[in-house]
Amino acid sequence: MPRLPRLAGAVTAALAFGVVAAAPTTGTEPVVTDARITAHFGLAAGQTPDNIALEPDGSADLTLAYARQVAHVTPEGQTRIGATLPAVSHPDTPLVHKAVVTGIVRAHDGTLYVNYATGTSRTGVWRLAPGEEPEQIAPLPANGYPNGLALDEHRGVLYAADSVLGTVWRVPLQGGPATAWARDTALKPLTGASADGCGANGLKVHRGAVWVSNTDRGTLLRIPVGQGGSAGRAEILAHGLAGIDDFAFTGSGRTVVAALTKANQVVLVRRDGSRTDALGQQDGLSNPTSVAVLGRVVYVPNAAYFTRKDPNLLLARLRERGDRL
């Protein structure tokens with residue numbers, strides 16, 4: 001029964017965070033309610049929460065992009081800095097021109113993996129093993145921008161989305177050279193004065209495929225993982241999601257919960273590609289950059305990249321059809 005500890009952790013987290021357990025619903029649509037901010041961060045210190053990985057007990061590990069840090073937030077909202085990536089002399093990361101920590105994932109043994117974008121040879125995937133110093137396990141191109149990160153422990157690989165080079169990289173979990181797993185026009189950023197130059201961004205492994213968001217194009221894509229682990233043809237499943245960053249799947253796996261950074265929105269995207277607004281600036285969003293879901297709790301890091309106000313971690317309650325405690 002591998003799902004039982006996860007469910008118990010989700011219920012515990014919901015109670016600890018003050019999120020009331022959902023009553024059974026009869027509607028067909030997921031609903032996100034009862035938003036509240038559980039942790040605030042220091043903008044002046046570069047503590048911009050960019051991406052998130054969850055622990056079984058409902059605590060969260062966040063990358064604080066410009067601080068080059070990984071923070072741990074307990075179910076009670078207490079925050080401590082777990083790791084700081086090494087400083088880089090003269091960073092020249094595309095788009096931001098600073099060293100930033102972006103995507104993060106957690107393996108079952110508690111090891112964290114993060115993307116570090118620097119514009120130097122230190123750009124790549126780094127491992128944060130408990131009790132050890134951060135270690136680079138795979139270099140990625142210095143002229144790229146590794147952003148979202150996903151883990152497939154069954155295959156023993158990591159996937160990293162490169163927002164500038166329009167590539168999904170594949171990295172052995174134990175470390176080693178990265179390979180270009182997927183390259184496609186649909187992964188590339190747009191060009192021109194109105195474009196941000198940010199293509200492939202958020203990344204998740206879900207039901208035999210790698211799902212990728214493209215920020216510039218406002219799209220959500222699915223790339224099947226073929227026999228032997230090769231990439232299939234990219235399929236656009238949703239569009240019109242301007243400024244989409246990272247995303248997560250609801251517990252049922254039927255709906256995507258996505259962060260639209262500049263719009264200050266979190267939206268629900270259905271299987272037919274249609275969307276519903278779920279959270280907005282009035283709920284405490286301040287440029288949301290990613291989403292995580294554990295049971296009936298939705299976690300939303302807010303980096304405040306453009307608002308320049310109140311970077312935070314926001315939590316809300318998720319209700320889906322047929323919910324039972």
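**A four-stranded sheet and three salt bridges**

In this predicted model, a good place to begin is a single pair of residues: Phe-249 has Val-256, in β19, as its bridge partner. From that contact you can work outwards to the two strands involved. Strand β18 pairs with β19, which covers residues 256-260, through four bridges in the antiparallel sense. As background, the strands of a sheet pair through backbone hydrogen bonds, and this can happen in a parallel or an antiparallel way.

Now widen the view a little. β18 and β19 belong to an open sheet of four strands, whose order is β18-β19-β20-β21 and whose pairing is antiparallel. At the edges sit β18, residues 244-249, and β21, residues 275-279, each of them pairing on one side only. If you follow the sheet from strand to strand, neighbours are turned against each other by 30° on average, with direction ignored.

With the sheet in mind, let us turn to the charged side chains. In general, side chains of opposite charge can pair when their charged atoms come close. This structure holds seven salt bridges, and three make a helpful tour.

One of them joins Arg-275 and Asp-277, with 2.9 Å from N to O. You will find both residue numbers within the range of the edge strand β21, 275-279. How accessible are the two partners? Arg-275 has a relative accessibility of 31% and so counts as partly exposed. Asp-277 is also partly exposed, because its relative accessible area is 46%, and values from 20% to 50% fall in that class.

Another salt bridge links Lys-262 with Asp-196, their closest N and O atoms lying 3.3 Å apart. Where in the chain do Lys-262 and Asp-196 lie? Lys-262 is in the loop between β19 and β20 (265-269), while Asp-196 is in the loop between β13 (179-183) and β14 (200-206), so this pair ties together parts that are 66 residues apart in sequence. Lys-262 is partly exposed, with 48% relative accessible area, and Asp-196 is partly exposed at 43%.

The last stop is the salt bridge between Asp-152 and Arg-155, where the closest N and O atoms are 3.7 Å apart. That distance qualifies because the cut-off is 4 Å. Is Asp-152 buried or exposed? At 12% relative accessibility, Asp-152 counts as buried, because buried means under 20%. Its partner Arg-155, by contrast, is partly exposed, with a relative accessible area of 37%.

Conventions
Residues are numbered from 1 along each chain as its sequence is written. This is a predicted model: local features need pLDDT of at least 70, side-chain atom pairs count only at pLDDT 80 or more; totals for chains, interfaces and linings use all residues. Side-chain values use heavy atoms; hydrogens and water are left out. Two strands pair if DSSP finds at least two bridges between them. Axes are lines fitted to C-alpha atoms, for helices over the stretch in contact, and angles run from 0 to 180 degrees between N-to-C directions. A salt bridge is a side-chain nitrogen of Lys or Arg within 4 Å of a carboxyl oxygen of Asp or Glu. Buried means under 20% relative accessible area, exposed over 50%, partly exposed in between (1.4 Å probe, protein chains only).
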